[in-house]
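Work through the following exercises with the sequence and the model open beside you, and try each task before reading its solution.

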Amino acid sequence: MEAVVGNKKRSKGGLAISKGRFVLGVTIPLLLYEALGIFILGWAFALIFFDYSSGRVGGPFLGLGGSNPFVGLGHFVEMFSGTSVKASLFRMSLKNTLIFAFAILPLNLVVTLSLAYLLESIGNRFKALYRTIYFLPVLTSSVGVALIWMSMYDPQAGWINAIIRFFGGTPVSWLSDPRAGFLGVPVAMWAVILAYLWQDYGYNMVIFIAALQNIPQELKDAALIDGASPWQTFTRITIPLIQPTLLFVCVMTMLSSFQVFDIIQVMTNGDPGNKTQVLMLDIYKNAFRYQNLGWAAAESFVLFLIVMGVTIFQMRVLRTDWEY
Amino acid sequence: MTVHTLPKSTSAKTGNSLRGSLLAGRFLTYFILTLGLSFTLLPFVMMILSSFKTNVEVLRVPPTFWPENFTLDNYIKLFNDPKLPLLRFYGNSAFVAFFNVISTLFTSALIGYLFAKFEFPGKKILFGWFLTMMMIPTQITMIPSYLILAKLGLINSLWGLVIFSAVDAFGIFMIRQFCETLPNELMDAGRIDGASEWQIFIRIILPQLKPALATFGILHFMGSWNAYLWPMIVLQKVEVRTLPIILTWFNSTHTGQGALVMAATVLIMMPILLVFMFFQRWIVQGFTMSGFK
């Protein structure tokens with residue numbers, strides 16, 4: 001007995017050692033990778049205080065200082081109160097990003113939630129087919145999406161103007177007319193909003209469908225028996241029950257639309273007259289076209305703060321503490 | 001099942017007018033869904049039809065729907081253009097996607113398994129720290145990452161696209177979730193048989209993770225294939241570019257040749273659409289899982 005117990009103890013110790021070795025073998029490279037991440041983050045944070053350009057040599061440490069001078073919070077002061085071209089372009093980009101994001105969110109929610117609700121109410125075989133097709137654009141390369149929509153928006157040969165002409169309207173230069181607008185927003189912005197919406201709605205739909213499927217049928221039946229109208233069932237039963245999903249979808253949609261880049265870069269590249277210049281595009285151009293990396297880093301920091309702020313706000317407003 | 005028949009039986013008991021309005025509602029539902037469906041499909045249909053038209057026909061006002069002279073010229077031209085070695089660009093995209101998927105699958109499996117099945121001091125802190133780091137958006141890290149690649153001389157190298165994407169928070173999350181459902185007996189059995197921890201991971205755990213890895217791998221493949229901003233920053237020479245960047249370059253150098261550009265678009269989307277057709281169920285499931293952790 002003694003020997004067996006002793007043996008067991010020893011093997012337990014051996015097991016702990018081999019487990020420990022495995023844990024160390026994984027966590028040490030992981031920590032190194034994380035250290036690199038921290039270094040990158042620290043560098044990004046340092047850059048926002050410098051007038052840094054990769055074209056200049058600068059100081060000994062990461063090229064900071066010297067010909068890349070320290071400016072403190074100068075970038076931020078310039079952004080929000082400066083009169084330079086880049087400062088006013090930043091403010092315009094910020095405004096355009098807000099317009100874009102706050103137009104996308106309600107449009108996306110209305111379209112995806114109602115289509116998901118309708119889709120959830122129909123027979124199973126069709127459901128899968130519809131869902132698949134609605135999901136197709138999500139997988140499509142956004143460059144491809146942009147090119148397809150550009151050809152649809154073509155002022156001469158595009159389908160959208162063809163439809164407008166067919167109904168006797170005046171054709172619009174969707175992507176290049178700086179004056180034409182709707183609800184105070186330039187048509188070019190609406191054009192990219194529509195293209196983005198088209199690419200994106202399948203994603204939220206799939207998530208909503210999954211959430212709607214999880215609602216117990218008994219609750220809907222109870223509402224039906226109590227004489228609730230479909231609208232009442234939707235607003236009083238469905239919406240509260242999918243609130244956690246709704247929160248997730250709102251946050252994710254906001255996050256991605258604040259960081260929109262691909263579609264706009266390809267379709268308009270910020271034109272006409274910078275009316276579709278969004279923050280990511282402005283950051284990209286400043287960093288990689290004009291070599292203003294310090295300025296661009298400061299801009300991305302502002303974008304990051306906005307995104308964080310919106311996320312936290314939405315979590316506060318839409319959070320629920322109960323489950324069903 | 002009885003639950004599902006309940007609405008039907010109640011509607012059968014009520015009058016004809018209600019049944020009529022239910023029928024109308026059903027009709028309206030299908031009508032709206034089909035309308036949305038057409039709106040979703042029409043741009044694809046237009047792209048495919050345009051790619052079979054001539055460059056003259058796509059400029060016509062009003063536009064033709066069906067190609068007047070159905071032609072494969074655009075596709076033939078694309079494959080025979082010496083300035084556009086398409087296979088090379090497919091190769092670039094495939095190279096990047098392959099290494100991105102392989103490396104993230106490996107790290108996700110390993111780290112996910114570690115966080116699910118092992119207890120060690122500082123685990124919670126490490127995991128929390130890890131996730132926070134992963135939540136930092138690209139626009140913050142993109143500039144220093146670019147500067148590091150420039151220092152390492154990896155600008156214009158396809159490896160530059162791989163090294164910073166070797167670890168993925170979503171993948172780790174997903175695999176950790178999946179690992180937690182695996183019984184501990186699996187590992188214990190291996191340990192009793194004298195297998196080392198690495199052997200247990202490779203021989204016992206990895207095979208168990210197959211479905212989760214497949215789902216995540218497909219999603220990651222598509223993300224890599226469609227990536228635009230970061231590849232555009234890193235790959236500045238034409239010959240090393242991946243497909244989406246080539247597509248915008250091709251578009252800007254072939255203005256007025258709409259049909260040709262649409263054919264190029266079709267070719268570049270094709271691999272993704274094929275992958276989707278084959279793995280559709282897993283993909284939709286994967287996207288849903290990402291929504292519910």
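**Exercise 1: a pair of helices in chain B**

Determine the handedness with which H9(B) passes H10(B). The crossing is right-handed, where a crossing counts as right-handed if the near helix is turned clockwise from the far one by less than a right angle, and left-handed if anticlockwise. The model is predicted, so local features need pLDDT of at least 70 and side-chain atom pairs count only at pLDDT 80 or more, while totals for chains, interfaces and linings use all residues. Residues are numbered from 1 along each chain as its sequence is written, and chains are lettered from A and ligands numbered from 1 in the order in which they are written.

Next, take the geometry: the axes of H9 (residues 185–192) and H10 (residues 197–208) of chain B come within 10 Å and cross at roughly 155°. The two helices are therefore roughly antiparallel to each other, a term kept for angles over 145 degrees. Finally, list the meeting residues: B:Leu186, B:Met187, B:Gly190 and B:Arg191 in H9(B) meet B:Ile200, B:Ile204 and B:Gln208 in H10(B), contact being defined by C-beta atoms, placed from the backbone, within 7 Å.

**Exercise 2: the span and burial of H5(A)**

Check the length of helix H5 (residues 142–153) of chain A against the expected span. At 1.5 Å a residue its twelve residues should span 16 Å, and its end C-alpha atoms are indeed 16 Å apart; the expected span is 1.5 Å times one less than the number of residues. As for cover, twelve of its twelve residues are buried, that is, 20 or more other C-beta atoms lie within 10 Å of their own.

**Exercise 3: the largest nonpolar core**

Which residues touch the most other members of the largest nonpolar core? Of its 143 residues, they are A:Ala146, A:Trp149, A:Val192, A:Ala195, A:Ile263, A:Met267 and B:Ile143; such a core is a set of buried Ala, Val, Leu, Ile, Met, Phe, Trp, Tyr and Cys residues joined through C-beta atoms within 7 Å. Helix H7 (residues 187–213) of chain A gives the most to this core, with 18 residues. Leaving aside neighbours within four places in sequence, A:Ala195 is in contact with A:Val145, A:Ala146, A:Trp149, A:Ile263 and A:Met267.

**Exercise 4: the setting of A:Leu279**

Establish whether A:Leu279 is buried or exposed. A:Leu279 lies in helix H12 (residues 279–289) of chain A and is buried, with 26 other C-beta atoms within 10 Å. A:Leu98, 181 residues away in sequence, is 9.4 Å from A:Leu279, C-alpha to C-alpha.

Methods: Helix = DSSP H or I, 4+ residues; strand = E, 2+ residues; numbered from the N terminus. Contact = placed C-beta atoms within 7 Å. Axes fitted to C-alpha atoms, helices over the stretch in contact; angles between N-to-C directions. Parallel < 35°, antiparallel > 145°, perpendicular 65-115°, else oblique.
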